[in-house]
Amino acid sequence: MFKIPWIRTLQTRSMHLLKDKAYINGQWLGAQSGKVFQVTNPATGEVIGTAPDMDTSDTQRAIEGAHAAFQTWQDTTAKDRSHYLRKWYDLMAQNHEDLAKIITLEAGKPLVEARGEVAYGNSFIEFFSEEARRIHGEIIPSPIPTKKILVERQPIGVAGLIAPWNFPHAMITRKAGAALASGCTCVIKPAEDTPFTALALMELAHQAGIPSGVVNVVTSSRENAPAIGNLLCESPLVAGISFTGSTQVGKLLYRQCSSGVKRLGLELGGNAPFIVFNSANVGHAVKGAMASKFRNCGQTCVSSNRFLVQGKVYDSFVGSLVKEIKSLKIGNGQECGVNVGPLINQAQFGKVSDLVEDAVSKGAKVLTGGKAARQFGELFYEPTVLTDIKENMRVYTEEVFGPIVTIFRFETEEEGLQIANSTERGLAGYFYSEDVSQIFRVARKLEVGMCGVNEGIISTAEAPFGGIKESGLGREGSHHGIDDFTYIKYICVGNL
C-alpha cells in the first residue's frame, strides 16, 4: 500500500500509474507468500510504499507465462510488434511527467534529471518500434547451382531482464524494447530500491494492449533477489539473460548461465577515464566533466571516475572545475534548482565515505567537499575533489559511483594512456583535445567500448552501448541491440 505522504507528493492525477502488485501473465498479483517489502525515498528516508516480496515460486509462474506467450508472440508480424511498441511509447510520452516524479521519489535523482531519463528511456521503445521492421535476413550466393542459401534471424525465446536502480526506466526499456521487437517475451526483475517505475511501465504496457505474458515484472526484496536471479539463469525455459549492474554480480550470473549455455548480455561496472590534453579547450572540458560526473550524484556506469589532466592545463582546468562544483545545489530532487540528490542507500553512502577516508588517510588532498552533507539528509554527500592520488589508494582502482572527482596529473600522451588503460574495466572513456591527429590516435588506443571525444554525454538509442574487458558482453541500443535476442538460422534449399 502507499503512504499518505506519497499520495500528496505525487498528486492524485499520477495515481493511476502507482501499483503495489507485480505484473505476471497480464495480471496484477501479490507474492504467493503474502509478503511485502518497503521502498523508501532516499532523500527523506520516508517509506513511500510496499511491493510484493516474491520468491522463486512466483518467478517460476512468470517464466511459464512468458514461455506460453512466446509460442504465439514469436509468430506475430514485425508490423504488429512495431504497432504495439509504438502505442506503448505514445502512452509513456503522454505520462512523461508522472513517470519522472516516480523516479525522483524512489531513486532520489533531481526532477530535471528524471525527466531526462524518461525521454531517454522512451526513445528506446520508439527506436525499437521502428527497428522491429528492419530485422533483415540474407540470401547468400551458393557455390552449387541446385542449392539456395537463405539466412534469417529468429527470436531466442524468453528473456530474463535484470535491471539496476540508477536508471529504473531506461535500463528496462533499453532491454525490453529490443527483446519485444525481436519477437521474444520477457521476465523483468527490477532493482529492490526502485520497483515502482517498472510497475508504472507495466501499467502503460497493459494499456497499450501488449498480450498477456509477453512482458512480466517480478519484484522482490534484496534477500530474495539472488535466488530469483539464479532461477532465471538456470531455468530451461529461459533462453537468455540481459543484466546491468556490478561486475561482481555479472560474473556470478555468467557462471550460472553456463550450465545451459544461455545467450548472455552483460553491461557491467566502469572506471571511466576523463583525459584533458594540453591542446584541449578547457572551458568545453569543464562543461563536459560536470555533465559526465554529476548526473545522478555520480551514480552512473559511464560516469567519469578518474580525471587525468596534462601539465600545461592542469591548474586552469582544476581551478575552473572546483569553481563549478562549488556552485552545485544539493537537496531533495523535488525542490526547484537542485542538481545533486542523495546516494541511493546506506551501503552506497558507506562505500563513498570509506573511499574518501581511505584516500585522505594516505595523503590525498581535499580541494572541496570531502564529508557527509547530513544537513540535507542521511544519504547526502558533498561533491568532492581529491588530488595527489597514489596507487595505494582504493580510489585509484575502484569505481566510486558517487560525487567524487579524483584528479591525476600527467605529462605525456603515453603516460596518460597508460594510466587510463591500467584497469580491468573498459566501459566508457572521455578525452578532450583540439589536435586532430591526437584525436584519432587516442580514440583508437583507449581501451573502452565507448569513447566521448570533446563530449561528456554519449548515450543515445541510436548508438551501441557496451564495454570491453570486465565491463561486459554484447551491446544495447542501436540495431546491434537486436543481436542479443535473435539467433541466425541458415536454411539450405536443395534440388532446385
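Guide: Ala, Val, Leu, Ile, Met, Phe, Trp, Tyr, Cys and Pro count as nonpolar, Asp, Glu, Lys and Arg as charged, and the others, Gly among them, as polar. By that scheme, the lining of the largest cavity divides into six nonpolar, four polar and four charged residues. This is a predicted model, in which local features need pLDDT of at least 70 and side-chain atom pairs pLDDT 80 or more, while totals for chains, interfaces and linings use all residues. Residues are numbered from 1 along each chain, and side-chain values use heavy atoms, without hydrogens or water.

Visitor: What makes residues part of the lining of the largest cavity?

Guide: A cavity is a set of points on a 1 Å grid where a 1.4 Å probe fits but cannot get out, and lining residues have an atom within 4 Å of a point. For the largest cavity, 14 residues line it, with T423, R425, G426, E447 and V448 nearest its centre.

Visitor: Why is strand β8 called mostly covered?

Guide: Buried means under 20% relative accessible area with a 1.4 Å probe, protein chains only. Five of the five residues of β8 (185-189) are buried, so β8 is mostly covered. T185, V187 and K189 lie on one side, C186 and I188 on the other.

Visitor: How do you know that β7 and β8 pair?

Guide: Pairing takes at least two DSSP bridges between the strands. Five join β7 (residues 158-162) to β8, running parallel, so the two pair. G160 stands opposite V187.

Visitor: What makes β8 and β9 a pair?

Guide: Three bridges join β8 to β9 (residues 215-217), also parallel, so the rule is met. I188 stands opposite V217.

Conventions:
Buried < 20%, exposed > 50% of the residue type's maximum accessible area, 1.4 Å probe, protein only. Helix = DSSP H or I, 4+ residues; strand = E, 2+ residues; numbered from the N terminus. 1 Å grid on protein atoms, 1.4 Å probe; cavity = no way out; pocket = protein on both sides within 12 Å on 5 of 7 lines; lining within 4 Å.
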